[in-house]
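Work through these exercises with the structure open. Try each task before reading its solution.

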Amino acid sequence: MNPFRLAPHAIALALATLLAACTTAPEPGSRSVTIERTTYGIAHITAADYEGIAYGVAYAYAQDNICQSAEHLLTVRGERSLFLGPQAMGDLGLARLPNAQIDLFVRAQMDDAALARAAAATSEEVRASLRGYIAGYNRYLQDTGPAGLPEACRNKPWVRPMTPADAARGTELSMIQGGFGALAGAVLATVPPAPGTRTGEAPVPLEQAVAEIARHSPTANPEGGELGSNGWAFGRNATPDGRGLVLGNPHFPWTGTNRFWEMHLTIPGKLDVMGVTIGPGSFVVIGFNKDVAWTHTVSTGKRFTLYELKLDPADPTVYLVDGQRRKMTAKTVVLPAMDGAAPVQKTFYGTEWGPVVGLPRAGLGWTATTAYAVRDANTQNTRSAQSWMQMAVARNVGELRAAMGNQGIPWVNTIAADREGNALYADLSVVPDVSAEMLKSCAPSPRAAALLDAAGLAVLDGSRSACAWTRDAAAAMPGVTPPQRMPVLVTPDWVQNSNDSFWLANPRIAPPAGISPLVGFVGTPQRLRTRSGIQEIEARLAGTDGLPGNRMGAAELRSVIFRDRNQAGMLVMDDLAAACSANATALTSDQALGCRVLAAWDRTSNSASKGAPLFREFWRKARNVPKVWRVPFDPARPVATPAGLDMATPATRDAVFKALGEAVGIVRTAGFAADVPLGEVQARLVRGQKIAIHGGDEFEGVLNKVESQGQSLIDPKGYNINFGSSYMQVVGFDERGPVAQAILTYGQSTDPASPYAYDQLPLFAAKQWHPLPFHRADIEAQRAGAPLRLVY
């Protein structure tokens, strides 16, 4: 379908169909839902069916986050400029863009007719859930009234009821944020070349292209700020009691709609599941029931491909497919004029492959002869709701795997274990069906083709129809890789993932063969977090980590993830210390000071660790020194390599010492001593109390990853942590069912005046865990306030 040409009568018909599907309900006042709150404001919602559950979720979530939700609806409607100003910044997925840019992108890309048809084609339970969520949100607005809302949105004209179209758009933005949504800036910056423009453009260095692509990727940027996670699962051969055990440690933003929210959903006799959702949503996306627990990590699977277009030299808006001329479609979006200013507008161009995009700094610009279009496999993915709904009632990892067979999971791996002691790793996410052979046969120009290995960006030849994604009848959606050709591992031992590919889910078990590179690479260097996680697991199971025994129990697992071991420090400090000693007389005063501080550093990112900030600023620079590793990567030893600092090579040694001296200067300029403890500069004020935050950055390889997204260096305020460890769960099983402990670092509420805003951060800071009340007796023991019964 052409994403830019929408017939008004088709939109009206589709929306009418969806509205009809979402408004069929029993008589008002004949139904009810109960909301109970326990310690830290965790919401326990009980209803007779999925519609009632969603009604309660929406109401309770609005109690904690109404202003965030209302602003999110402004985003999905493309109305941020109208109410918040065109130049003010807002969130679009993981990106921060001016409101005018967000509105233009949303208004251009949202195909309401197609989204309505897709939503209407979902199961009755999914439609009922959608109906309930909309009604529950609107009920909260009605009950509270404009004047009763939190300060951030009190009496604001932009707080309006939710519609089915709003909900459909919100789902779409969530689905595409792992792919096309990350390229919003590239879409917005694209314009056709002016008449008479030269036919080509200057070659772009590969290193520059890789860096530019990383800026637009939610998973490939080693600087951090990307969605990520640690997920570990242990089976009967690896736990003391022979039952399954799961760690979930997603690294997500601490602000915006990618924040998690804790809830426990019960339909008596049918559903009993606890965990978190991402707002606005009515399904547990990471959690557990009485038989199985699961978590997700962002997978390496690609959600989109680019198509390289050959253009008619006489008209850059005409492209060729199989020698036939195809005219691009054009859609001009005009934002409402404000205060007499000229209206903001933008013309977007589309092709049969998808919208035209441009990354000229990556060598992928729109020239007189070449352009690029993007196709995202998660567009109109309404299957995710059904996946998570079925996962919630799974009785073992086999049923959990089957629940994902509809390929609704958009951009994450699944790591799980059940009470019988089976562990599961599965990447059953949505990936374009493009084989390794097709990547070769459909290779575009050489410099564009080189971006697959260099930056993980797949570009196909758009001048041939044969390069369309494969349409396998076994797939849930045409063009998507079917489940039979995606990597899955079920084992009684253990599995892990920290955002690298399926290759080392368990290094002792051979990975499946024949998996497309678009799912993940094999034989490539791994993230420091991946290496650290595997080392921690294997040390625990070998009994060499200093903890008693040689099995991974829940207490050990909670301890291991909070060791805050700095993997980069472990790999390089011995060589740096030796070089400091050998070159002591040649060092500058700052370099010598850096050597002394880091020699005393404990190589962790604990709050009390003196010198941890200095190492962070040092390694931020030193890791980019060419050939900095003493031992290069060896695919036969992927967990151990690369390692060490090459301090024997003079150029490398000088560059490393230069980075060390500069790091001392950076910390001093920010106003801190070189040996300042991490907790002094990495903290947050919570109701007047300074809470020190332990954990480290992505490039340091600290499993407990916390980051200051948008901040490139330490500053006089230290590190503004706004990203990383968010919802953390460790779940095992006993005779009654799940035994779960968890932390939600930032708490349930985004309202600063709420008692549930950052109320769990002190728990996180103290490395303590909260026992989750799953069983009725535990809920009653932790109940906070009287239950709320909503009749509707």
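**Exercise 1. Burial in a helix**

Task: List which residues of α5 are buried in this predicted model.

Solution:
- Step 1. Set the range: α5 spans residues 112-120.
- Step 2. Apply the cut-off: buried means under 20% relative accessible area.
- Step 3. Read off the residues that pass: Asp 112, Ala 113, Ala 114, Leu 115, Ala 116, Ala 118 and Ala 119.
- Step 4. Conclude. Seven of the nine residues are buried, and the helix is mostly covered.

**Exercise 2. Two helices in contact**

Task: At what angle do helices α6 and α10 pack, and how far apart are their axes?

Solution:
- Step 1. Locate the helices: α6 covers residues 124-144, and α10 covers residues 384-391.
- Step 2. Take the geometry. The angle is about 100°, and the axes lie 10 Å apart.
- Step 3. Classify the angle. Values from 65 to 115 degrees count as roughly perpendicular, so α6 is roughly perpendicular to α10.
- Step 4. Find the contact residues. Helix α6 supplies Glu 125, Val 126 and Ser 129. Helix α10 supplies Ala 385, Gln 386, Met 389 and Gln 390.
- Step 5. Sort them by class: three are nonpolar, three polar and one charged.

**Exercise 3. The edges of a sheet**

Task: Which strands stand at the edges of the ten-strand sheet, and why is one side of each left without a neighbour?

Solution:
- Step 1. Write the order: β21-β19-β18-β10-β9-β8-β7-β2-β1-β32. The sheet is open and its pairing is mixed.
- Step 2. Take the edges. They are β21 (488-491) and β32 (788-791). Each has a single partner strand, so one side of each has no neighbour in the sheet.
- Step 3. Add the twist. Neighbouring strands are turned by 20° against each other on average, direction ignored.
- Step 4. Inspect one edge. Strand β1 (residues 32-38) pairs with β32 in the antiparallel sense over four bridges. Ile 35 stands opposite Leu 788 of β32.
- Step 5. Add the covering helix. Helix α2 (residues 50-77) lies across β1, β2, β7, β8 and β32. It runs at about 150° to β7.

**Exercise 4. Tracing strand pairs**

Task: Follow the pairing from β15 through β16 to β17.

Solution:
- Step 1. Pair β15 (residues 345-351) with β16 (residues 354-357): antiparallel, over two bridges.
- Step 2. Find the link. A hairpin of two residues joins β15 to β16.
- Step 3. Name a bridge: Thr 351 partners Gly 354 in β16.
- Step 4. Move on. Strand β16 pairs with β17 (residues 370-376), again antiparallel and over two bridges. Here Val 356 has Ala 373 of β17 as its bridge partner.

Notes:
Residues numbered from 1 in each chain as written. Predicted model: local features only at pLDDT ≥ 70, side-chain atom pairs only at ≥ 80, totals over all residues. Heavy atoms only, no water. Axes fitted to C-alpha atoms, helices over the stretch in contact; angles between N-to-C directions. Parallel < 35°, antiparallel > 145°, perpendicular 65-115°, else oblique. Contact = heavy atoms within 4.5 Å. Nonpolar A, V, L, I, M, F, W, Y, C, P; charged D, E, K, R; others polar. Buried < 20%, exposed > 50% of the residue type's maximum accessible area, 1.4 Å probe, protein only. Pairing = 2+ DSSP bridges.
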